[in-house]
Amino acid sequence: LSDIKISVDVALNTLNDLLSLDKIKSNLMTIETKKVKVSDFIIQSLRPFKVQAKAVNIEIDYDVYDEISNNHSILIDTIKMEQVLRNFLSNALKFSPCKSTITVTTIVLNSFTISIIDGVEKIPGPKGVLRISVKDQGAGISKDNQ
């Protein structure tokens, strides 16, 4: 029964994502932030995908790169951040082969560099940025489509 509820929640969240797209197009999007613990946010966001992954024999791991990001609290719009993470996880599940692993990693960067498209200009980024990455074992995007 809990698996059914999780599946219904995922479908409802997908519908909300589509409605949010309409808000963006109408310039009605608002940001509502709250402070959350990184590890709690990631674990909660992964929960519905673990059910789907198990059904197709894919494992989802959460890899904390550093203790800072594990115990760190951040100020985010949880709904919008879940939408972004959900999109990445949906694609990872869709394109990953059976018996593979999807890994979500968090790390707090003390500094980083933003590269312009040509890779020519580099701009220093802010300090204390949380990076969330999703890595899967799918084929990836072909060179022609990048």
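Two strands are said to pair if DSSP finds at least two bridges between them. The exercises below apply this term to a predicted model.

**Exercise 1. Overall layout**

Task: State how many helices and strands the chain holds, and in what order the elements run.

Solution. Step one is the count: the chain has 4 helices and 7 strands. Step two is the order, which from the N terminus reads α-β-α-β-α-β-α-β-β-β-β. Step three concerns burial and contacts. Of the 146 residues, 26% count as buried. Among contacts between residues at least 6 apart in sequence, 76% join residues at least 24 apart.

**Exercise 2. The open sheet**

Task: Determine the strand order of the open sheet of 3 strands and the direction of each pairing.

Solution. Begin with the order, which is 2-4-7, with mixed pairing. Strand 2 (59-64) and strand 7 are the edge strands, each pairing on one side only. On average, neighbouring strands of this sheet are turned by 15° against each other, direction ignored.

Next, take the pairings in turn. Strand 2 and strand 4 run parallel and are joined by 6 bridges. Strand 4 and strand 7 run antiparallel, and 7 bridges join them. In general, strands of a sheet pair through backbone hydrogen bonds, in either a parallel or an antiparallel manner.

Finally, locate individual positions. V64 stands opposite T106 in strand 4, while V108 has L130 in strand 7 as its bridge partner.

**Exercise 3. Strand 4 and its residue T105**

Task: Decide whether T105 is buried or exposed, and identify the residues that it touches.

Solution. First, place the residue: T105 lies in strand 4 (residues 101-109). Second, apply the cut-off for burial, which is a relative accessible area under 20%. T105 has a value of 16% and is therefore buried. Third, list the contacts. Leaving aside residues up to four places away in sequence, T105 touches D63, Y65, R131, I132 and S133. Fourth, consider the whole strand: because 7 of the 9 residues of strand 4 are buried, this strand is largely enclosed by the rest of the structure.

**Exercise 4. Helices across the sheet**

Task: Describe which strands helix 2 and helix 4 lie across, and at what angles they run.

Solution. Start with helix 2 (residues 38-55). Helix 2 lies across strand 2, strand 4 and strand 7, and runs at about 165° to strand 2. Helix 4 lies across strand 4 and strand 7, and its angle to strand 7 is about 25°.

Then examine A55, a residue of helix 2. The cut-off for an exposed residue is over 50%; A55 has a relative accessible area of 69%, so A55 is exposed. A55 and C98 are 43 residues apart in sequence, and their C-alpha atoms are 9.7 Å apart in space.

**Exercise 5. The second largest pocket**

Task: Give the volume of the second largest pocket, and establish which element gives the most to its lining.

Solution. The volume comes first: about 310 Å³. The lining comes next. Of the 15 lining residues, F88, N91, A92, V134 and D136 are the closest to the centre of the pocket. The elements that give two or more residues to the lining are helix 4 (78-95) and strand 7 (129-135). Helix 4 gives the most, with 7 residues. The last step is to sort the lining by residue class, which yields 10 nonpolar, 4 polar and 1 charged.

Technical notes
Residues numbered from 1 in each chain as written. Predicted model: local features only at pLDDT ≥ 70, side-chain atom pairs only at ≥ 80, totals over all residues. Heavy atoms only, no water. 1 Å grid on protein atoms, 1.4 Å probe; cavity = no way out; pocket = protein on both sides within 12 Å on 5 of 7 lines; lining within 4 Å. Points joined across faces, edges and corners; volume = space filled by probe spheres on them. Nonpolar A, V, L, I, M, F, W, Y, C, P; charged D, E, K, R; others polar. Buried < 20%, exposed > 50% of the residue type's maximum accessible area, 1.4 Å probe, protein only. Contact = heavy atoms within 4.5 Å. Axes fitted to C-alpha atoms, helices over the stretch in contact; angles between N-to-C directions.
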